[in-house]
Amino acid sequence: MPPKTPASLKPHKSQVGVASSVQARHSTVSTSRDEGPGERQGQVIKVPAGTYRCPSTELPKRSGDAGRTLMVVTFPPRSGPPHLSTSVLLYEGMGEQLYERYPGFPLPFTSPSPAPYKIVDVGATDAGMIALHTITPGDTIARERPLLLMPHVINANPSDVEHILDDVVDSMYVENQNFIRTLKDWRNTDKATFRAQGVFGTNMFQVTDLPGHDDCGYAGLARDISRVNHSCSPNAHVAFDLETMTFILRAILPIMKGDEVTYCYLGSGFPGAAARQEELERRYGFVCRCTACKLTGTARENSDYFRRMLAERTLGYRRDDLLFAQWLMDGAPVRPPKIDANGQEDMDGLRLAQVTWDLCLRERYIDENLWEQVLARLVKGYSVLKDEEKVQFYAGVAGQLSKAYTGTDRGWDAVSRNPRRTDWWAKLDKKGR
Ligand SMILES: C[S@@+](CC[C@H](N)C(=O)[O-])C[C@H]1O[C@@H](n2cnc3c(N)ncnc32)[C@H](O)[C@@H]1O
């Protein structure tokens, strides 16, 4: 049964009554069971005092939300197909701010059709996403409305939160409730019992802040994208677009027919396999079985060494920028590699950028905070050296990655098409090198 549309996002007096009932009993809502699931749309929940953190979150605890009113609202407000509708847990006043910022929220969107993937059993990690044909970096693999969006952290006692989340699930379309019950819960292998908190903690992604809730962020539960497994050498990235309220999964590396599509559950800058595995186990309770973590012996030592170098590049980007600027000021010299007494290469700024990019590809690890600065140095450096082919190539890669991470090429494609028309082309020559 589809959820009812709320007459207004503002809580009514009777709904506030429901809220206090939730708070007092710390358990189920007081709406009649006769209404059946899906009938509690617009229900108001008062956040009880206390503090609760989603199991996977690394965010600081918040105290400011205690006593604020939460309500479940289904978007889009006119009933549509369940797979396009999202239950959103909003604090009072946030719905109005969303409509004000994005008239007609949520805006329509398109997704690739037919889908270039299927969800299948992939073995040790259970369900996963497999590509049905070759996918180019920057291309959209999947775009979908979440089943649910909610604050990443709700300040309430854990038992209260459990009941709040159960109520949220009960307020959804029956089809969506049934789907949520099929999702994995890493804390609970007994498939007969359902714990909303466990399922949410296993499958939710962090999204951007929503207007009216600025410092802590929201998390969302997707349909197919929540089936995508983690890899420390991921070939895809997940973004969230608030205007259309969609998760967008895009390729960051070429994906071949039959490849598993993966993304990285960790943030950037994790150096070695041991550190990554410890963090994944601590946050999500699984031992990573990705290709990078399965390496042993010398292959693993090498990979750890290269990942440490990449992490240093990510953290030390200012120093690398200075080194690159120094190379330009020196007149962009092209010299044979200089090896020091310890057998280490003394690299100039362009050579360091080239080695860093080659390591990213060797490790099949494109760090969100590293790729653009490295590719920008390569494009700029090879422009100054008037190497048209390399500028076209690296600007083309930057355009693809920019599309993957932001949805647009942000000017890189024009640089790739016309290297000679950029400000950088042969710049040092004009200065009289
Ligand atoms: C968001 S779900 C991904 C879909 C999941 N495989 C399923 O069957 O629904 C996350 C869960 O998948 C499993 N998983 C994902 N990536 C993994 C990896 N690299 N190694 C081992 N298990 C993984 C873990 O059990 C994790 O808690």
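Here are three short exercises on this predicted model, each with a worked solution. Numbering starts from 1 along each chain as its sequence is written. Local features need pLDDT of at least 70 and side-chain atom pairs 80 or more, while totals for chains, interfaces and linings use all residues.

**Exercise 1.** Work out which residues come nearest the ligand, and where the ligand lies.

Solution. Start with the 19 residues around the ligand (C-beta, placed from the backbone, within 6 Å). D126, A127, K184, N229 and H230 come nearest. Next, look at the domains, whose bounds come from an automatic or database assignment. Domain 1 (13–110 + 144–229) and domain 2 (273–430) both give residues to the shell, so the ligand sits between them.

**Exercise 2.** Lay out the open four-stranded sheet and find its edges.

Solution. Strands here are DSSP E runs of at least two residues, numbered from the N terminus, and two of them pair if DSSP finds at least two bridges. The order is β4-β5-β13-β10, with mixed pairing. β4 (117–121) and β10 are the edges: each has a single partner strand, so one side of each lacks a neighbour in the sheet. Now zoom in on β10: two bridges join it to β13 (residues 260–263), running parallel. N229 has T262 as its bridge partner in β13.

**Exercise 3.** List what L249 is in contact with, beyond its neighbours within four places in sequence.

Solution. Contact means C-beta atoms, placed from the backbone, within 7 Å. Setting those neighbours aside, L249 is in contact with I141, A142, I225, V228, A236 and V238.

Methods. Two residues are in contact if their C-beta atoms, placed from the backbone, lie within 7 Å.
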